Amino acid sequence: MSDSDVTIVAVDGPAGSGKSSVSKEVARRLGYGYLDTGAVYRSLAWHALDRSVDTSDATAVLEAMGDFDGSISLDPDDYWVRVGDTDVTEAIRETRVTEAVSGVARVPVVRHTVNARFRALVADSGRPGVVVEGRDITTVVAPDAPVRILLTAAPEVRAARRSAEVTGQDAAAVADSLRRRDASDSTVVDFMSAAEGVEVVDSTHLDFDETVAAVLAVAEKMQEVRDAR
Ligand SMILES: Nc1ncnc2c1ncn2[C@@H]1O[C@H](COP(=O)(O)OP(=O)(O)OP(=O)(O)O)[C@@H](O)[C@H]1O
Ligand SMILES: Nc1ccn([C@@H]2O[C@H](COP(=O)(O)O)[C@@H](O)[C@H]2O)c(=O)n1
């Protein structure tokens, strides 16, 4: 990714830390594209479930990947995710997909394949920069990005924010779901602590606008440091 002229703002963090909503707004403010890498893993999980594949079976997941025809918009103002001709933007947020996605994401060949896709999407974005968010963007997908941020918030705050948007699910169930997904995902990549050179933005005591401002300030500072070298 470092060969591309496109500036990358890499944002990682645990489930519900605000990566998608904050990164999308940061992309708008910077005039950048926005790449939601979790949505790509989710669309692959949706596709596997659509094929009635057992997503804990790595061989079956790989087979399902063979005819996966996914696409994603990098426009923060016109965001969509598709599998073939089917718009799955909403469907990939369903609980059944959320529960299955970690199984898909733990398959090494899957990760390798989608990472190559992420790099191509950024390089071909036609934008001066792209905010790329996920779990391993600062460490694996774009370790040389000029801006690398770990976006965190206390577990109970993340659970409260997520349960406020999920109607019909109690707060304890939401907290448990976030905890289980983080535990499972953490066995594959470390996104709970910042790698060397990665700046932490902790939004526990920040509202949404303050968090966007904090990320923009860190991005500006890191970009200046890089430019001064
Ligand atoms: N600083 C903040 N203050 C208040 N609410 C916030 C803040 N940051 C994010 N939110 C809200 O928290 C919820 C979770 O955010 P978001 O979906 O962006 O997280 P995420 O890290 O992308 O989650 P996931 O990993 O599950 O996809 C959303 O409702 C979002 O609007
Ligand atoms: N870089 C990434 C991004 C995501 N994942 C996996 O996808 C799941 C969904 O991601 P969200 O950001 O939409 O919550 C996530 O739980 C991981 O299993 C990943 O492995 N690497």
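Modeller: A polar contact is a pair of N or O atoms within 3.5 Å; within protein, one must be able to donate a hydrogen and the other to accept it, and sequence neighbours count only through side-chain atoms on both sides. The model is predicted, so local features need pLDDT of at least 70 and side-chain atom pairs pLDDT 80 or more, while totals for chains, interfaces and linings use all residues. Residues are numbered from 1 along each chain, chains are lettered from A and ligands numbered from 1 as written, and side-chain values use heavy atoms, without hydrogens and water.

Colleague: Which atom of ligand 2 lies 2.7 Å from a polar side-chain atom of Arg 181?

Modeller: Thr 37 has a polar side-chain atom 3.2 Å from a nitrogen atom of ligand 2. For Arg 181, the partner at 2.7 Å is an oxygen atom.

Colleague: How much of the area that ligand 2 exposes when taken alone does the protein bury?

Modeller: Arg 42 also has a side-chain N or O atom 2.7 Å from an oxygen atom of ligand 2. Of the 460 Å² exposed by ligand 2 alone (Shrake-Rupley method, 1.4 Å probe), the protein buries 97%.

Colleague: Which helix supplies the largest share of the shell around ligand 2?

Modeller: Helices H2 (37–50), H4 (95–105) and H8 (171–186) each supply at least two shell residues; a helix is a DSSP run of H or I, at least four residues. The largest share, four residues, comes from H2.

Colleague: How many residues of the shell around ligand 2 are charged?

Modeller: Among the 16 residues around ligand 2, those coming nearest are Arg 42, Arg 111, Arg 135, Arg 181 and Asp 185. The shell has four nonpolar and four polar residues, and its charged residues number eight.

Conventions. A residue is near a molecule or strand if one of its heavy atoms lies within 4 Å of it. Ala, Val, Leu, Ile, Met, Phe, Trp, Tyr, Cys and Pro count as nonpolar, Asp, Glu, Lys and Arg as charged, and the others, Gly among them, as polar.
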